[in-house]
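Let's walk through this model together, one question at a time. Have the sequence and the 3D view open as you read.

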Amino acid sequence: MTRYATMFLFLAFLAVPVMARAGEADDLQRQIDYLKQTTTDLERQDDQKSVASDIMMMRAWLDNGWTLRSQEKYDEVRIILDRCEAQANMVRQRLTAAKLSAQAAVKEDEVKRARGQLSRTKKALENAKIQKARLEGKV
């Protein structure tokens, strides 16, 4: 091998980690952007505002992750991204629970109204029986 070929291989070897790091930064940026879009979607789904504080916390974490990415602290960014994924899953579960709770409250109101109607109907039936007995006794 010639001297230039050896030097070229050495420089190529040094350049590979730099290129890998640049690709890693781009991947982390895509993940951060994806999670920012996810938070926007989750916020749009939160019509009852039951998880607003969790979404706000997630946005703060993503902003912190973006700052750490620009500082090339990729391991810390990955930790934040994992935390944000877990937070997004928890928010989804809390949204589902809040929607089911609201549906249950509506059903409970319907049951209360039906029970009230049944009670009034029973009372009217009893009054009708009493009035019938009076009328039969008088006739």
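A salt bridge here is a side-chain nitrogen of Lys or Arg within 4 Å of a carboxyl oxygen of Asp or Glu. Keep in mind that this is a predicted model.

Q: Arg 44 forms a salt bridge with which residue?
A: The closest N and O atoms of the pair are 3.2 Å apart, and the cut-off is 4 Å. The two residues sit three apart in helix H1, so about one helical turn separates them. Arg 44 is exposed at 59% relative accessible area, while its partner is partly exposed at 28%. That partner is Asp 41.

Q: What pattern does the protein chain follow along the sequence?
A: The protein chain has three helices and zero strands. Read from start to end, the pattern is α-α-α.

Q: Which helix gives the most residues to the largest nonpolar core?
A: This core has 19 residues, and Leu 35, Leu 42, Leu 62, Val 77, Leu 81, Cys 84 and Val 91 have the most contacts inside it. H1, H2 and H3 each supply at least two residues of the core. With eight residues, the one that gives the most is H3.

Q: Which residues does Leu 35 touch, not counting those up to four places away in sequence?
A: Leu 35 is among the residues with the most contacts inside the largest nonpolar core. Leaving out residues up to four places away, Leu 35 touches Met 58, Leu 62, Leu 81, Cys 84 and Glu 85.

Q: How many Å apart in space, C-alpha to C-alpha, are Leu 95 and Val 51?
A: Leu 95 is found in helix H3 and is buried, with a relative accessible area of 4%. Beyond its neighbours within four places in sequence, Leu 95 is in contact with Leu 42, Gln 45, Asp 46, Ser 50 and Val 51. Leu 95 and Val 51 are 44 residues apart in sequence, and their C-alpha distance is 7.1 Å.

Q: Which side chain of opposite charge is nearest to Asp 46?
A: Asp 46 belongs to the loop between helix H1 and H2. Setting aside neighbours within four places, its contacts are Val 51, Ala 52 and Leu 95. Asp 46 is buried yet has no salt bridge, and at 5.6 Å the nearest side chain of opposite charge is Lys 49.

Q: Is Asp 54 buried or exposed?
A: Asp 54 lies in helix H2. Apart from neighbours within four places in sequence, Asp 54 is in contact with Gln 87, Met 90, Val 91 and Arg 94. Its relative accessible area is 8% and the limit is under 20%, so Asp 54 counts as buried.

Q: How many residues apart in sequence are the parts that Arg 78 and Glu 24 tie together?
A: Arg 78 forms a salt bridge with Glu 24, with the closest N and O atoms 1.6 Å apart. Arg 78 counts as partly exposed at 31% relative accessibility, and Glu 24 does at 22%. Arg 78 lies in helix H3 and Glu 24 in helix H1, so the pair ties together parts whose separation in sequence is 54 residues.

Q: Which helix holds Glu 43, the salt-bridge partner of Arg 59?
A: The side chains of Arg 59 and Glu 43 meet in a salt bridge at 2.7 Å, N to O. The pair links distant parts of the chain, 16 residues apart, with Arg 59 in helix H2 and Glu 43 in helix H1.

How values were computed. Residues numbered from 1 in each chain as written. Predicted model: local features only at pLDDT ≥ 70, side-chain atom pairs only at ≥ 80, totals over all residues. Heavy atoms only, no water. Helix = DSSP H or I, 4+ residues; strand = E, 2+ residues; numbered from the N terminus. Buried < 20%, exposed > 50% of the residue type's maximum accessible area, 1.4 Å probe, protein only. Contact = heavy atoms within 4.5 Å. Lys, Arg positive; Asp, Glu negative; His and termini not counted. Core = buried A, V, L, I, M, F, W, Y, C linked by side-chain atoms within 4.5 Å.
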